[in-house]
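Q: I should like to learn how to read packing and backbone features in a protein model. Could we work through one example together?

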Amino acid sequence: MAAPLISVAIAARTLSLLWGKPLVAVNHCIGHIEMGRMITGAVNPIVLYVSGGNTQVIAYSEQRYRIFGEAIDIAVGNCLDRFARIVNLSNDPSPGYNVEQCAKRGKNFIELPYGVKGMDVSFSGILSFIETIAKEKLDTGEVTVDDLCFSLQETLFAMLVEITERAMAHIGSQEVLIVGGVGCNARLQQMMESMTKDRGGHLFATDERFCIDNGLMIAQAGVLMYKAGYTTPLEQTTCTQRFRTDEVHVIWRD
C-alpha cells in the first residue's frame, strides 16, 4: 500500500502549498478508533483493533491510546488471508470474508495451538500448524475446508476475547469497541458480545462500511485534531508503517 499512500501525500502537500491550507497527519489506527467512537457512541471503551496489518488491545489514558496487548508476529487478518490461500479460497470479495462464510458451515472442531502470551498473542505458529495438517486431513476426508475455517476462526477469536476481557478487568471498563477490517466478522462480534454481557458490559461494533479502511475515518480524525489545534509541518508529512498508536498525543480528548 506504500505507492497509493505516497501518491496521496504528494497530492495533499501540493494542495496545501497551492491553497495555503494546513496539513494534519493522521495515524491509521486513530482513524479507526475515532470513527468507531463517533458511529457507535462508545464513550471510553477498551478497543480491539483487528485488521490485516494490526492486532492491538487499546485503552485511553492521559491523552494517549495505550496498547495493552498486541500480536507479536503476524496480524489476525493476515493469518486469515494466508490461510485462505492455503485452502484455495477466492479473493472475491475478500479472503477473510470467504473464510467467515465457510466457517458457518463447519461442524468438526480441530484443536489448534493456542497462542496467548500474557496480554499478547501469536498467530504464526497456528498458521504453520494448520498449513502442515491441512493437505493430509483434506486428502483423507477427515475434515473439510469448512471445518478448518471453523476451527481456525474459533481459536483465533477466543484468543482475542481472552486478552480483551483481561484489559476490561484491569481498567474496570464496561465497554468494548471493535474496529478494523476483521471487526466486521459476525462471529467475532458474537463471541465478544457474549463475553461483555457476562461481565455486565456492552459491545460496540459496526459493519463493513466503517470497519474496512475508508477515507472518511481519516477525515473524521483529522477534523478532531485540527479543531484541537493540531497541524503537521510540511517536512513531516511523510508515510511510515512504524507510526504506532500510542505515539499520538490525543489532545482532542480530556
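The dialogue below takes helix contacts, aromatic rings, backbone angles and one glycine in turn.

A: Please bear in mind throughout that this is a predicted model.

Q: How are two packed helices described, and at what angle do the axes of α3 and α4 cross?

A: Two packed helices are described by the angle between their axes and the distance between the axes. Here helix α3 (residues 76-86) and helix α4 (residues 95-103) have axes that come within 8 Å and cross at roughly 75°. Angles of 65 to 115 degrees count as roughly perpendicular, and α3 is therefore roughly perpendicular to α4.

Q: Which residues make the contact between α3 and α4?

A: From α3 the contact draws on L80, D81, F83 and A84, and from α4 on P95, G96 and V99. By class, the residues of this contact divide into five nonpolar, one polar and one charged.

Q: How is α3 oriented with respect to α5, parallel or perpendicular?

A: The axes of α3 and helix α5 (residues 124-140) come within 10 Å and cross at roughly 10°. Angles under 35 degrees count as roughly parallel, so α3 is roughly parallel to α5. On the α3 side, C79, R82, F83 and I86 take part, and they meet L127, I130 and E131 of α5. The residues of this contact comprise five nonpolar, no polar and two charged. F83 belongs to the contact of α3 with α4 and also to that of α3 with α5.

Q: How should a pair of aromatic rings be read, and how many aromatic pairs are counted here?

A: A pair of aromatic rings is described by the distance of the centres and the angle of the planes. The count in this model is two aromatic pairs. In one of them, the rings of F109 and F150 have centres 6.2 Å apart and planes at 85°, and the pair is edge-to-face because planes over 60 degrees apart are classed that way.

Q: Where in the chain do F109 and F150 lie?

A: F109 is in the loop between α4 and β4 (116-117), whereas F150 is in helix α6 (residues 145-171). The pair links distant parts of the chain, with the two residues 41 residues apart. F109 has a relative accessibility of 47% and so counts as partly exposed.

Q: Which charged residue sits over the ring of Y60?

A: That residue is R253, whose charged end lies over the Y60 ring at 3.9 Å from its centre.

Q: What should one look for in the backbone, and which peptide bond is cis?

A: Most residues other than glycine have a negative phi, and most peptide bonds are trans. In this model the peptide bond from D92 to P93 is cis, with omega near 0°. P93 is found in the loop between α3 and α4.

Q: Where are E62 and Q63 found, and what are their phi values?

A: E62 is in the loop between β2 (55-61) and β3 (64-70), and Q63 is in the loop between β2 and β3 as well. Neither is a glycine, yet E62 has a positive phi of about 50° and Q63 a positive phi of about 60°. E62 counts as exposed at 67% relative accessibility, while Q63 is partly exposed at 25%.

Q: Is G69 buried or exposed, and which residues does G69 touch?

A: G69, in strand β3, has 2% relative accessibility and counts as buried. Leaving aside residues up to four places away in sequence, G69 touches T55, Q56, V57, M119 and D120. G69 and G96 are 27 residues apart in sequence, and their C-alpha atoms are 22 Å apart in space.

Technical notes
Residues are numbered from 1 along each chain as its sequence is written. This is a predicted model: local features need pLDDT of at least 70, side-chain atom pairs count only at pLDDT 80 or more; totals for chains, interfaces and linings use all residues. Side-chain values use heavy atoms; hydrogens and water are left out. Axes are lines fitted to C-alpha atoms, for helices over the stretch in contact, and angles run from 0 to 180 degrees between N-to-C directions. Helices (H or I, at least four residues) and strands (E, at least two) are DSSP runs, numbered from the N terminus. Angles under 35 degrees count as roughly parallel, over 145 as roughly antiparallel, 65 to 115 as roughly perpendicular and the rest as oblique. Contact means heavy atoms within 4.5 Å. Ala, Val, Leu, Ile, Met, Phe, Trp, Tyr, Cys and Pro count as nonpolar, Asp, Glu, Lys and Arg as charged, and the others, Gly among them, as polar. Rings of Phe, Tyr and Trp (its six-membered ring) pair if their centres lie within 6.5 Å; planes under 30 degrees apart count as stacked, over 60 as edge-to-face and the rest as tilted. Buried means under 20% relative accessible area, exposed over 50%, partly exposed in between (1.4 Å probe, protein chains only). A charge sits over a ring if NZ of Lys or CZ of Arg is within 6 Å of the ring centre and within 35 degrees of the ring normal.
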